Amino acid sequence: MSPVTGWRIPLRIARREALRAKGRSILMLVMIALPVMGVTAADILIQTQDVTSVESLDRRLGTEAAALVSNPGGGGTPWEQGLDPEAGGYGGGDSSQAKPGTKEPTLASVLATLGGERSGIELVDGYPSVKTDKGVTSASATTIDVSDPLARGLFRLTDGRWPKARDEVVVNRALADRGPGLGEDVEIGKGEFDGGDVDPEFVTRKVVGIAESTSYRDNPQVVGLPGSIPALEADDASWLVGGGPVSWEDVKKLNALGTLVVSRSVIENPSASALAADQMYNPDEGLNEETVTLAVLVVVMALIEVVLLAGPAFAVGARRQARPLALLAACGGTPGQARKVVLATGLVIGAAGAVVGTVLGIAAAAGFEPLFQQHNSTRFGPFQVPSLHLLGIAAFGLVSALLAAVVPAWIASRQDVVAVLNGRRGDQKPSTRSPYVGVALLVLGIVLAALSTEQGSSGAAIAIGLSAIFCVLGMVFVVPVVVIGLARLGQRLPLPLRFAVRDAARHRTRTTPAVAAVAATVMGVVALGIGVTSDDKRQDALYVPQLPGHAAAISSDGYPGKAPWDEYAAVVEREAPGVSTDPLLGVPVTSADGSGQELDITGSGPDDYLYGSYSSPFPTQVLVYDGTLPSVLTELDGFDDAVATRILDAGGAVVFPDAQPRLSQVTLKVVSYDGVEDGTADAPQDLAPPVTVSARAMDLRGRAPATAIISAEVAEKLGIKPATVALVTTGPQITRAQAKDIGEALKALEPGGSLYVERGYQQPSDVWVIQLVLAGLGALLMLGGTLTATFLALSDARPDLATLSAVGAAPRTRRFVAASYSLSIGLVGALLGAVVGFVPGIAATYAIAADGTSCTSQSCGGTAQAIRDHYLDVPWLLVLGVVVALPLLTAAVVGLSARSRLPMVSRLA
């Protein structure tokens, strides 16, 4: 039997070779370990951030309570629930099913229903208004007996002490930073923070401690003893129940009482009947076929990328083993046994890379968890290391190493034994069919990308994913042709470049995966970059500002005549120096007696209602002209100041409808819709006789902050008393910090006061994050792949470089050759990847457009026409960075770090 029939000898040879060539082994190890580390860290952070029902029990129930019983309202009507009603698993509450004389549940009735020796405490949540150093804000408030053991674990005291009396509270750091802080008095509103038009009364409480919720962070919070916060009503109370486990039968009894229950024992150890009930409200829909398909495509794409990155190292390793393998063949070894020896290297490196990557991934996740927590308002769960997931990720690393060794193993088994033993290279001639296969795969990828433009969003994603895979595979087959063509064109290049491109052509088994890896990386970066920036351009194009320029509007939810406009203006001048305000005159939507009123506008026909398409921060639909046109209209494109002034001076109206009817007059009617929605009135009530006036329609592309502007004369005919409905700012734009201070100050003057600042389209932060991640990931993979392939090529070419030195080449020539190697690999791969990346990238923009519709105006109502839109935006800076800047940077790094002198070695023929 051959000595290498099994795997023991090949594995020993592979381990010996790995230890002998430590530099090359480390490079291969890094190529395998890096993706394993990244995926491991991401998986751990996702699992840690995702708090399950079981993991959240201590933060919802505390560490001692057996159950949390809540009263969802309904006068004691029965409910049905699944395992966790707070996760949406409940139904019922039909008052018709309530027994006569049923009362609202109480703590006493809950404890009586459960029976036995149990304790319980009341917990009430709400959102009262709280005064800060700048004004008034909304805060999350809780009243509970924090000294009771059942409350242990709900909050974490970080400074000071817990309250001992009703005039004491604790606040969290987010509220203390806005004031008041520890040792100061805080004023808490007696009513819920609902934006009403009545100033709330406040009670004063002493801040005796700083405490943080174990569930949430960042939002202002107040905690006190029961009864210490008047805004929290006992009717909204929940109860923490202690004692023994609350079983599923107990839960059903409490449901019949009119409550919902979060039971620790039921969620941790659900019974068969509990699971069956939960299935009704949270059915297990299984794995979505499209989601699975997309996941498989992503895994395949990642596998191809890792194989291409590690491929050059395995190719060089197989070349180093050429003579031992030739001796093995000369002694009777079979090609299969030769392949086994090379594959054993992949097995050894893959296993080591999987272990190292997994360990580093766990460490990276632990290090980055605090950073990710800072950008999340919900506290993470316990640090999780999902063993089954990590085994799968490690297996991915092992499989990728084996696949990376497959091609070098196959080539090594087909080498010319006589040539190798005589000191010559034993490579086989390249296949003449591979370029045709590559072109066919590229064409197939382009066809799939084209077909994706006619699919829905899910089908398009699958088609684009398949297109990307076929394009990458096509590039792998085409790269050898490109490399050979570049070598033939390099006859007139300087010596270092000519040497590099010719050597790359001679050693295509090493060069092809390196160039393809760079191309695949750039293709992904370009495709995703085009998709992200094009979608951002689409959102920008569809954004409709509510105010022109960078103006701001201060308004009130109450009757405008009662709003303290002068005080509002003083707040703005105090908090934002240099910003002034101008009053805006309009038709109030609330009359002086508090009833609602609206101004209906119709065209020449009785049914020709002009559906106004507008989005406005003002509590009015119609503005009033008092001799001066408001800046919120004059600064808009499409608004004709001269025409509007002429119409309004003549006692007419200017309307801003969705469509553009040819009209010369409109009919205006003041109506009240009070009672229509709740059924107490059958139809809108006319508050005054209709008035017909001359009019002009203007197309403002849905950017008008009102449906119309009428003259003061028309308002008088309708019996309307115009009022200041808002203040509009002029001058520099209000900063975000100033806006927060002004908002709190307005709430202090009147709960209904609010501020809106028009900042134009704001690019979501995730767009920049995605672009930075793409650039960083692309740079990392390109640098890693290019540097690995370059230094492996330099190691493989040491005899040739030593010969150059022997015939008189200057020491710096090797540096130039090294830089040329890097430039040829990086630049060729980047150019190929960028060109091919436009295929799935452009296809993705059509998929984004097909995912929804936009409208020609602010909304799709009325006569607006819904249209499909397509926007294409290429991030040229990102493309130029990965195609030009990164290859040049890599070449410079390689040239500066390469050794300039080498010892003499024998040169292979």
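Which residues in α17 meet which residues in α26? This tour of a predicted model begins at that contact and then moves through several other sites.

**Stop 1: helices α17 and α26**

Select residues 508-542, which form helix α17, together with residues 876-897, which form helix α26. The residues to display as sticks are V522, V525, V526 and G529 on the α17 side, and L878, V879, V882 and V883 on the α26 side. The axes of the two helices come within 10 Å and cross at roughly 175°. That angle makes α17 roughly antiparallel to α26, because values over 145 degrees are placed in that class. Sorted by class, the contact of α17 with α26 holds seven nonpolar residues, one polar residue and no charged residue.

**The whole chain**

Zoom out before the next selection. The protein has 909 residues, of which 48% count as buried. Its secondary structure consists of 26 helices and 27 strands. About 42200 Å² of the protein is exposed, and carbon and sulfur atoms supply 58% of that area. Among contacts between residues at least 6 apart in sequence, 81% join residues at least 24 apart. Several of the stops below concern residues that are distant in sequence.

**Stop 2: helices α18 and α22**

Now select residues 565-575 for helix α18 and residues 736-749 for helix α22. These helices pack at an angle of about 150°, with their axes 10 Å apart. They are therefore roughly antiparallel to each other, and their crossing is right-handed. From α18, display E567, Y568, V571, V572, R574 and E575; from α22, display Q738, D741, I742, A745, L746 and L749. What is the make-up of the contact of α18 with α22 by class? It has seven nonpolar, one polar and four charged residues.

**Stop 3: strand β11 and V207**

Move to strand β11, residues 202-213, and centre the view on V207. V207 counts as buried, because its relative accessibility is 1% and the cut-off for that class is under 20%. Beyond the residues up to four places away in sequence, V207 touches V169, V171, P180, G181, L182, G183, E184 and V186. A C-alpha to C-alpha distance drawn from V207 to P163 spans 8.3 Å, although the two are 44 residues apart in sequence.

One of the residues that V207 touches, P180, deserves a selection of its own. P180 lies in the loop between α5 (173-176) and β10 (185-192). The peptide bond that joins G179 and P180 is cis, with omega at about 5°.

**Stop 4: helix α5 and D218**

Stay in this region and select A174, which lies in helix α5. With residues up to four places away in sequence set aside, A174 touches D218, N219 and P220. The C-alpha atoms of A174 and I210 are 9.8 Å apart in space, and the residues are 36 apart in sequence.

Next, select D218 itself, in the loop between β11 and β12 (221-224). D218 is not a glycine, yet its phi is positive, at about 85°. Is D218 buried or partly exposed? D218 is partly exposed, with a relative accessible area of 43%.

**Stop 5: T259**

Select T259, found in the loop between α6 (248-257) and β14 (260-263). T259 is buried, with a relative accessible area of 0%. Leaving aside its neighbours within four places in sequence, T259 is in contact with V69, S70, P72, W79, P105, W239 and L254. For V69, the C-alpha separation from T259 is 6.4 Å, while the two residues are 190 apart along the chain.

**Stop 6: helix α12 and F396**

Select helix α12, residues 387-413, and locate F396 within it. F396 is buried, with a relative accessible area of 18%. Apart from residues up to four places away in sequence, F396 touches V299, A302, L303 and V306. I32 is 364 residues from F396 along the chain, and their C-alpha atoms are separated by 9.4 Å.

**Stop 7: helix α24 and G808**

The final selection is helix α24, residues 798-806. Which of its residues are buried? They are P799, D800, L801, A802 and L804. Continue past the helix to G808, which follows α24 and has a positive phi near 110°.

Notes
Residues numbered from 1 in each chain as written. Predicted model: local features only at pLDDT ≥ 70, side-chain atom pairs only at ≥ 80, totals over all residues. Heavy atoms only, no water. Axes fitted to C-alpha atoms, helices over the stretch in contact; angles between N-to-C directions. Helix = DSSP H or I, 4+ residues; strand = E, 2+ residues; numbered from the N terminus. Parallel < 35°, antiparallel > 145°, perpendicular 65-115°, else oblique. Left-handed = near helix turned anticlockwise from the far one by under 90°. Contact = heavy atoms within 4.5 Å. Nonpolar A, V, L, I, M, F, W, Y, C, P; charged D, E, K, R; others polar. Buried < 20%, exposed > 50% of the residue type's maximum accessible area, 1.4 Å probe, protein only. Areas by Shrake-Rupley, 256 points an atom, 1.4 Å probe, with all protein chains shown as cover.
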